[in-house]
Amino acid sequence: KTSILYGLVLFSLLTVLFGSLFVFRSLTQERRLLSMKANFLSSVSHELKTPLTSIKMFAEMMAKGRVQKMEKIQEYSGLIGKESTRLENLIGAILNYTRMERGSQAFHWERIDMAQCAEKVYNALLHIADDRGIKMDLEIERGNFVMGDYTSLYSLAQNLIENAIKYTNPPGHVTVRVKNELDKVVFSVTDTGIGIASSEQKNIFNDFYRVGDEMTRSTKGSGLGLAIVKRVAEAHKADVSVQSKPGKGSTFTVRLRKAE
Ligand code: ADP
């Protein structure tokens, strides 16, 4: 009887202990999420404010008639146009990103030929690569189906290919591949660009993170591209990996589950 009693007391104690641990863990996770959200919001406001401040300043200068010379007016309106485009892109990226926040509820799940999706993005970006003097290649095996949300998979491919073009100096090379690997559909983008130091490779998927090198600073971007890629991959239960050597180039690989 005594040992049954001790057993019951021990069992109750253990239950309370594990219960408390569980509650504590959930609370910590909740707090971490909240602080991540607050950080995200303050970064978003900061990122939006910078181009807006320039637009406002140039517009005010012109409205007050402080700018008289035709070439200055042209220069300032050009800058307003450029900053507005930056703002537009940034808002687009944020909308894309927050779409991921709502997760799979906002997704429209369907059977998607990943090769076809990659080819669409590739064709849409060919002229940008061409303008930069970068050669692009497409190596796809057709009929590689995944269950996914087309819009998000399109933006995953777009972000990776755009980055490969952006962070490669001419006369560089970008190769986009879709192939079959057992139960996986493997999408990868290889470039002969500037590469990423191994110490930076874990940071680049963080919200708004941009490597502090010269090329990144002179290249337009929000630092949200790879954060979106990571989120899309997570929502599709796929994994993303990066292999890169500074000065040699990078390969980003996404392994998606093949559709039944
Ligand atoms: P960004 O809008 O700055 O391109 P991303 O989230 O797409 O933001 O990428 C984060 C950072 O990772 C970039 O600022 C850049 O420094 C680095 N990066 C991403 N892709 C590449 C690549 N293919 N080659 C070299 N660096 C890259």
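**View 1. Six elements line the largest pocket of this predicted model**. Helix 1 (2-63), helix 2 (70-101), helix 3 (114-132), helix 4, helix 6 and strand 7 each contribute at least two lining residues. Helices (H or I, at least four residues) and strands (E, at least two) are DSSP runs numbered from the N terminus. A pocket is an open set of points on a 1 Å grid over the protein atoms alone, where a 1.4 Å probe fits, with protein on both sides within 12 Å along at least five of seven lines; lining residues have an atom within 4 Å of a point. Helix 4 provides the largest share, nine residues. Residues are numbered from 1 along each chain as its sequence is written. Local features need pLDDT of at least 70, side-chain atom pairs count only at pLDDT 80 or more, totals for chains, interfaces and linings use all residues, and side-chain values use heavy atoms, without hydrogens and water.

**View 2. The ligand sits in the largest pocket**. More than half of the ligand's atoms therefore lie within 2 Å of the pocket's grid points. The ligand is surrounded by 21 residues (a heavy atom within 4 Å), the closest being N163, Y167, R210, S222 and L226. Helix 4 (150-166) gives the most to this shell, three residues.

**View 3. Oxygen atoms of the ligand lie beside Y167, R210 and G223**. Polar side-chain atoms of Y167 and R210 are 2.7 Å and 2.4 Å from a ligand oxygen, respectively. For G223, a backbone N or O atom lies 2.9 Å from an oxygen atom of the ligand.

Terms used:
Polar contact = N/O pair within 3.5 Å; in protein donor to acceptor, adjacent residues only side chain to side chain.
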